[in-house]
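Dear colleague,

I am passing on the structure we spoke about, and I would be glad if you could look through it with the notes underneath.

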Number of protein chains: 2
Amino acid sequence: MQLTISRNSSLDAIFSSLADETRRDILNRVSKKQLSVGEIAKHYKLTFAAISKHLKVLEKASLIIKQRRGKEQIIRISPDALAMANKYLETYEQHWENRLNNLDKLLTGKKS
Amino acid sequence: MQLTISRNSSLDAIFSSLADETRRDILNRVSKKQLSVGEIAKHYKLTFAAISKHLKVLEKASLIIKQRRGKEQIIRISPDALAMANKYLETYEQHWENRLNNLDKLLTGKKS
DNA sequence: ATATTATTCAACTATATGGTTGAATGTAGT
DNA sequence: ACTACATTCAACCATATAGTTGAATAATAT
């Protein structure tokens with residue numbers, strides 16, 4: 001089960017999306033409750049257009065799903081991309097835990 | 001145990017570091033074995049200086065640790081920042097699992 | 001059809017990023 | 001002190017990103 005890293009533009013999109021505080025904050029909001037673009041925008045001092053752009057970035061990374069409902073666009077979180085990012089990071093955590101465990105064993109072994 | 005998202009420049013640095021394929025690849029390499037800058041650089045068609053810059057980005061995000069050994073600088077992975085990113089993403093995964101579970105319960109309940 | 005509300009697009013600006021080349025620094029060996 | 005090797009710095013260029021403003025589109029209500 002090897003993790004292929006080469007040329008993974010999804011990860012590029014996901015991580016660069018998450019590299020912005022406003023976008024992380026938006027993600028946090030919509031993870032709790034689906035919201036229209038306007039409802040999201042009113043929490044920030046940015047212009048409506050700026051928020052719209054941020055949403056576009058998040059959508060492109062498949063972190064959110066946009067769906068029209070009447071005049072409004074309803075935004076909700078999409079789990080897939082986050083799961084992907086999570087999977088990616090877990091690999092390293094796992095690796096590190098293994099190294100620490102081995103070190104621990106080594107030290108414990110030497111002591112007795 | 002609330003996750004504070006506001007103004008978290010560490011997360012900015014971590015995620016924007018991870019948003020680049022070369023840097024993810026470097027991280028992958030040094031997670032397996034500590035390497036000098038030169039040993040890392042020779043695997044890419046980029047210039048030495050470019051790799052040096054990427055390493056600087058990773059170091060600033062606390063994703064790697066740089067340590068001089070003789071003429072060389074030895075690079076190894078640092079677990080802390082990755083753990084932080086992981087923690088961040090887990091929050092959302094957890095949230096989503098909860099929603100799916102609830103949906104499942106709801107559907108199961110209706111069926112009987 | 002017109003107006004109102006919600007959102008996006010286009011054009012533009014400023015700054016950040018990723019790359020290059022060539023000079024500069026740090027360390028070790030002679 | 002001189003040379004060689006490993007790495008970084010400085011200056012520069014091209015492209016991407018985050019923001020703005022004002023016009024354009026989309027859906028609903030009158």
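What follows is a summary of the protein surface around each DNA strand.

Please bear in mind that this is a predicted model. Around DNA strand C there are 22 residues, of which G38(A), S52(A), T47(B), K53(B) and H54(B) come nearest. Of the atoms of this strand that lie within 4 Å of the protein, 74% belong to sugar or phosphate, the rest being base atoms. Phosphate oxygens of DNA strand C lie 2.8 Å from a polar side-chain atom of S52(A), 3.1 Å from a side-chain N or O atom of K66(A), and 2.9 Å from a side-chain N or O atom of R23(B). Two or more residues each are contributed to this surface by helix 3 (37-41), helix 4 (48-60) and strand 3 (72-77) of chain A, and by helix 4 (48-60) of chain B.

DNA strand D is likewise surrounded by 22 residues, and the closest are T47(A), K53(A), H54(A), G38(B) and S52(B). Sugar or phosphate accounts for 73% of the atoms of DNA strand D within 4 Å of the protein. The backbone takes part here, with an N or O atom of V37(B) placed 3.1 Å from a phosphate oxygen, while polar side-chain atoms of S52(B) and K56(B) lie 2.7 Å and 3.1 Å from phosphate oxygens of the strand. Helix 4 of chain A, together with helix 3 (37-41), helix 4 and strand 3 (72-77) of chain B, gives two or more residues per element to this surface, whose residues divide into six nonpolar, seven polar and nine charged.

With best wishes

Technical notes. Residues are numbered from 1 along each chain as its sequence is written. Chains are lettered from A and ligands numbered from 1 in the order in which they are written. This is a predicted model: local features need pLDDT of at least 70, side-chain atom pairs count only at pLDDT 80 or more; totals for chains, interfaces and linings use all residues. Side-chain values use heavy atoms; hydrogens and water are left out. A residue is near a molecule or strand if one of its heavy atoms lies within 4 Å of it. A polar contact is a pair of N or O atoms within 3.5 Å; within protein, one must be able to donate a hydrogen and the other to accept it, and residues adjacent in sequence count only if both atoms are side-chain atoms. Helices (H or I, at least four residues) and strands (E, at least two) are DSSP runs, numbered from the N terminus. Ala, Val, Leu, Ile, Met, Phe, Trp, Tyr, Cys and Pro count as nonpolar, Asp, Glu, Lys and Arg as charged, and the others, Gly among them, as polar.
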